[in-house]
Amino acid sequence: MLCITDIRKKLCDCNQSHVLRFWDQLTQEEQDKFLKQLNTIDFDEINNIFNRAQTYLTDNTKKLDTHMKPIPPDQFESEKGVGQDVLEKYRVKGLQEVADNHVAVLLLAGGQGTRLGVPYPKGMCPISLPSGKTLLQLQAERIRTVVRLAREKTNKTGIICWYIMTSQATHIATEKYLQQNKYFGLNEKDVVLFQQGLLPGYTSEGKIILEEKYSVALAPDGNGGIYLALKKNGIIEDMVKRGIKYVHAHSVDNILVKVADPVFIGYCVTKDADCGAKVVRKEIPTEPVGVVCQVNGRFQVVEYSEITESTANLRDAEGNLVFRGGNICNHFFTTDFLKKIVEHHEHELKLHVARKKIPYVDEEGEKIEPTAPNGIKIEKFIFDAFQFSQNFVTWEVPRETDFSPLKNSETAEKDCPSTARRDLFSLHKIYIEIAGGTVAHGEVEISPVLSYAGENLKEKVHGKVFDSRTVIYSEEEVVVVSNGRISIETPEI
């Protein structure tokens, strides 16, 4: 660890000497804490990042209409547009790769539950399901079930390693939560947590902002920080050592996410893709969601703010939106592709700049809560690596089966706990009715341990009527009620 003299010189060289202007006023404990934080920051790199970001401050407002083209037909398929025989072919291929230990899941779980109004990570939010299960539990159980389905199809028991990228704000809580719940039946050695990086808040002149006399204002570097985090934490090497060839990456806040989706994986592998995106059809032209397309011959996600209304409204001969592939942060990568990005292209990724209200200390050391944007936050997005793909594909899925984000508190009335529950219950109602059951009233939840996507339900629901709020569990789950709280114990796979 560098001493304060070395840090002071480094700050001086980087024109950031103001960071230590309150040093002599700090207690020994505060100095120790501050020095520890400063040793985690590469000041040469963050100066370079700010200088690079300057070019994007003006570029962010540029419209990309004349540079955009839709995904070529041979690199796009829709779940609703192919036959059941094709879907089954992809599904079997995906399950075979799982059985051969070639598949891993990469979970983006660095987000706090601030917008949800909870003081813990999003993945731990229970959202008031009848089972009491959280997003992390639902996703862990889906991994378990994909492994079981692969075993039933191939007679081989594969392993899906669950890599979870946390942030400084979510790491300890997430790790403790998983440990306390015995990783929801997954093997501990196959659950790997690692932290994404942090970037400071800057003034418009590039000066690092202090949030306290003894603390720099730091924030996670965005989900695009995954690539640098993979490198710094030795995750790529771990993947190679385990023999992992394919990675399904997604964000933690989608209650409907099909974790390690064998159909999506099978499609991408069959097409020999090195990178792929699962998308949903935009509901309306002006829906505020990025679209997957080509820009100047390279694949990328174009944000809604980068497209004019006329381009957003373009339709093809069948009446479909030309740019309709809504990005849902659900991606396929080969391990080789990730390795290429980490080793050769991470420094080329676009930087996204936003003007934010960042709490700070003024010249007198007084804490100020700004009422207007006073600083700049910089982050990277995971999809900005698409441009380096040699064979990119997209897979369009129905929104009602694959995407319902949990981002806001109930007051927003959109992408909130009640809409997430509603969408989960609606999907499970469809599964039950296909299996010969009836949901007359109430909310019926199907345990992911029992069924991944509607299979294995006939024996449990055929001919039955469900008219109350209930959960359909698998035989192996043991429901425990303690002090009015429900917990579900499942054996390790």
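Start at the second largest cavity, which has a volume of about 40 Å³. Keep in mind that this is a predicted model. Select Gln300, Val301, Glu303, Glu306, Lys350, His352, Phe383 and Asp384; these residues line the second largest cavity. Colour them by class: two are nonpolar, two polar and four charged.

Next, go to the largest cavity. Its volume is about 160 Å³. Select Arg142, Leu427, His428, Tyr431 and Tyr452, which lie nearest its centre among 17 lining residues. Now show helix H13 (417–434). H13 gives the most to this lining, with four residues. H5 and strand E21 (444–446) each supply at least two. By class, the lining of the largest cavity has 10 nonpolar, four polar and three charged residues.

Stay with helix H5, residues 135–154, and move to the largest nonpolar core. This core has 48 residues. H5 gives the most to it, with seven residues. Select Ile160, Trp162, Ile164, Leu178, Val191 and Trp395: they touch the most other members. Zoom in on Val191. Leaving out residues up to four places away in sequence, Val191 touches Trp162, Ile164, Leu178, Tyr183 and Leu186. Another core, of 39 residues, lies apart from the largest one. To find it, select Ile71, Met239, Val292 and Ala385, which are among its members.

Last stop: the second largest pocket, with about 860 Å³ of space. Select Thr40, Ile41, Gly197, Leu198 and Leu218, which lie nearest its centre. In total, 28 residues line this pocket. Helices H2 (28–38), H3 (43–59) and H7 (226–232) are among the elements that each supply at least two of them. The lining has 10 nonpolar, eight polar and 10 charged residues.

Definitions and conventions:
Residues are numbered from 1 along each chain as its sequence is written. This is a predicted model: local features need pLDDT of at least 70, side-chain atom pairs count only at pLDDT 80 or more; totals for chains, interfaces and linings use all residues. Side-chain values use heavy atoms; hydrogens and water are left out. On a 1 Å grid over the protein atoms alone, a cavity is a set of points where a 1.4 Å probe fits but cannot get out, and a pocket is an open set with protein on both sides within 12 Å along at least five of seven lines; lining residues have an atom within 4 Å of a point. Grid points are joined across faces, edges and corners, and a volume is the space filled by probe spheres set on the points. Ala, Val, Leu, Ile, Met, Phe, Trp, Tyr, Cys and Pro count as nonpolar, Asp, Glu, Lys and Arg as charged, and the others, Gly among them, as polar. A nonpolar core is a set of buried Ala, Val, Leu, Ile, Met, Phe, Trp, Tyr and Cys residues joined through side-chain atoms within 4.5 Å. Buried means under 20% relative accessible area, exposed over 50%, partly exposed in between (1.4 Å probe, protein chains only). Contact means heavy atoms within 4.5 Å.
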